[in-house]
Amino acid sequence: MSDISYRLYYWPSIPGRGELVRLTLAEAGVDWIDVARLPKEQGGGSGAIVERMKRDDAGVVPPFAPPFVALVEDGVEQLLVAQTAVVLDLIARRHGLVPSDEATRASALQLQLTVADLIDEAHDSHHPIASGLYYEDQQSEAARRAADFVGTRLPKFLGYFERAIRARGGPFLLGAERCYADLSLFQVLGGLQYAYPRTMTRLLPTVPHLAALPARVAALPRIASYLASDRHVAFNQHGIFRHYPELDT
Ligand SMILES: N[C@@H](CCC(=O)N[C@@H](CS)C(=O)NCC(=O)O)C(=O)O
């Protein structure tokens with residue numbers, strides 16, 4: 001049997017999209033190195049990400065942004081993949097986190113990409129003009145955008161995931177078995193709870209199947225031990241999900 005491990009490249013101090021990859025690697029039960037969280041003298045730090053993105057290796061499509069992952073088999077790097085949904089699909093297919101039939105695999109990817117859309121909109125609710133500007137420089141636009149997010153878009157997304165769980169009988173997105181998209185949805189619901197606690201307290205009772213999902217994911221043995229480990233990165237005010245009480249109306 002070949003020896004498989006992964007090298008994850010993601011910003012060291014925020015959970016962000018990197019946490020979706022960590023949850024998937026943890027549930028897959030594989031070894032991974034969190035490259036940027038290694039000390040600089042061991043090739044870590046954010047510089048390692050930037051350097052890797054700038055490399056023009058023949059035959060390798062360069063990543064545009066983290067997270068990206070290198071698959072290492074028997075000590076040899078086999079491939080480098082970016083875009084969270086593609087990364088998760090790759091890991092999931094190799095380690096049994098998604099059924100192998102084409103229709104179900106496509107459904108999982110559909111759900112994952114819808115989670116990605118929600119992540120983008122959650123981010124844009126506090127940074128609607130530019131990621132590179134401070135929140136304080138776009139606060140009035142953020143107030144307008146967040147009002148639409150909590151009033152219209154978030155209820156629509158949550159209602160959609162509630163219907164999706166019910167469509168295949170639950171309790172997970174694809175039915176009785178968890179898949180990688182459940183892990184991402186778990187992370188996003190946690191992020192929304194962190195960023196918009198008042199709104200989530202109001203909305204969650206309207207989506208009971210979805211509201212029950214986080215406890216089920218957190219109880220998966222590998223996820224429970226990952227969450228208790230120091231590999232897990234908690235939500236903070238620098239990530240995609242930020243708590244600004246004035247936006248949580
Ligand atoms: N669609 C990409 C988005 C990647 C992304 O926006 N990454 C963020 C961190 S979570 C980043 O560092 N972006 C840098 C940039 O867009 O220039 C994915 O889902 O992986």
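How many nonpolar, polar and charged residues does the shell around the ligand have, by class? In this predicted model, the shell divides into six nonpolar residues, two polar residues and one charged residue, and the views below begin with that site before turning to the pocket, the cavity and the loops.

**View 1. The residues that surround the ligand.** Tyr10, Trp11 and Arg17 belong to the surroundings of the ligand, together with Phe64, Ala65, Pro66 and Pro67, and with Gln83 and Thr84. With six nonpolar members, two polar ones and one charged one, this shell offers the ligand residues of each class.

**View 2. Short distances between the ligand and polar atoms of the protein.** An N or O atom in the side chain of Trp11 is 2.8 Å from an oxygen atom of the ligand, while a nitrogen atom of the ligand lies 2.8 Å from a backbone N or O atom of Pro66. Gln83 takes part through its side chain, a polar atom of which lies 2.7 Å from a nitrogen atom of the ligand. On its own the ligand has 500 Å² of accessible area, and the protein covers 64% of that area.

**View 3. The largest pocket, with the ligand in place.** The ligand takes up space in the largest pocket, which holds about 800 Å³. Its lining is made up of 30 residues, and those nearest the centre of the pocket are Tyr10, Trp11, Arg17, Ala65 and Pro66; these five residues are also among those that surround the ligand. By class, the lining of the pocket has 15 nonpolar, eleven polar and four charged residues.

**View 4. Helices in the lining of the largest pocket.** Helix H3 (84-95) and helix H4 (102-126) each contribute at least two residues to the lining of the largest pocket. The largest share comes from H4, which supplies seven residues of this lining.

**View 5. The one cavity found by the search.** A search of the whole structure for cavities of 30 Å³ or more finds one, and the volume of this largest cavity is about 30 Å³. The residues that line the cavity are Arg52, Arg55 and Asp57, then Val60, Val61, Pro62 and Pro63, and also Leu80. Five residues of the cavity lining are nonpolar and three are charged, with no polar residue in the lining.

**View 6. Two cis peptide bonds in loops.** Pro66 and Pro67 are joined by a cis peptide bond with omega of about 5°, and Pro67 has its place in the loop between helix H2 (46-54) and strand E3 (68-73). Both of these prolines also belong to the surroundings of the ligand. Another cis peptide bond, again with omega of about 5°, joins Gly170 and Pro171, where Pro171 lies in the loop between helix H5 (139-167) and helix H6 (180-195). Most peptide bonds are trans.

**View 7. A positive phi at Asp74.** Asp74 is a residue other than glycine with a positive phi, near 50°, and its place is in the loop between E3 and strand E4 (76-82). Most residues other than glycine have a negative phi.

Key:
Residues numbered from 1 in each chain as written. Predicted model: local features only at pLDDT ≥ 70, side-chain atom pairs only at ≥ 80, totals over all residues. Heavy atoms only, no water. 1 Å grid on protein atoms, 1.4 Å probe; cavity = no way out; pocket = protein on both sides within 12 Å on 5 of 7 lines; lining within 4 Å. Points joined across faces, edges and corners; volume = space filled by probe spheres on them. Nonpolar A, V, L, I, M, F, W, Y, C, P; charged D, E, K, R; others polar. Near = heavy atom within 4 Å. Polar contact = N/O pair within 3.5 Å; in protein donor to acceptor, adjacent residues only side chain to side chain. Areas by Shrake-Rupley, 256 points an atom, 1.4 Å probe, with all protein chains shown as cover. Sits in = over half its atoms within 2 Å of the grid points. Helix = DSSP H or I, 4+ residues; strand = E, 2+ residues; numbered from the N terminus.
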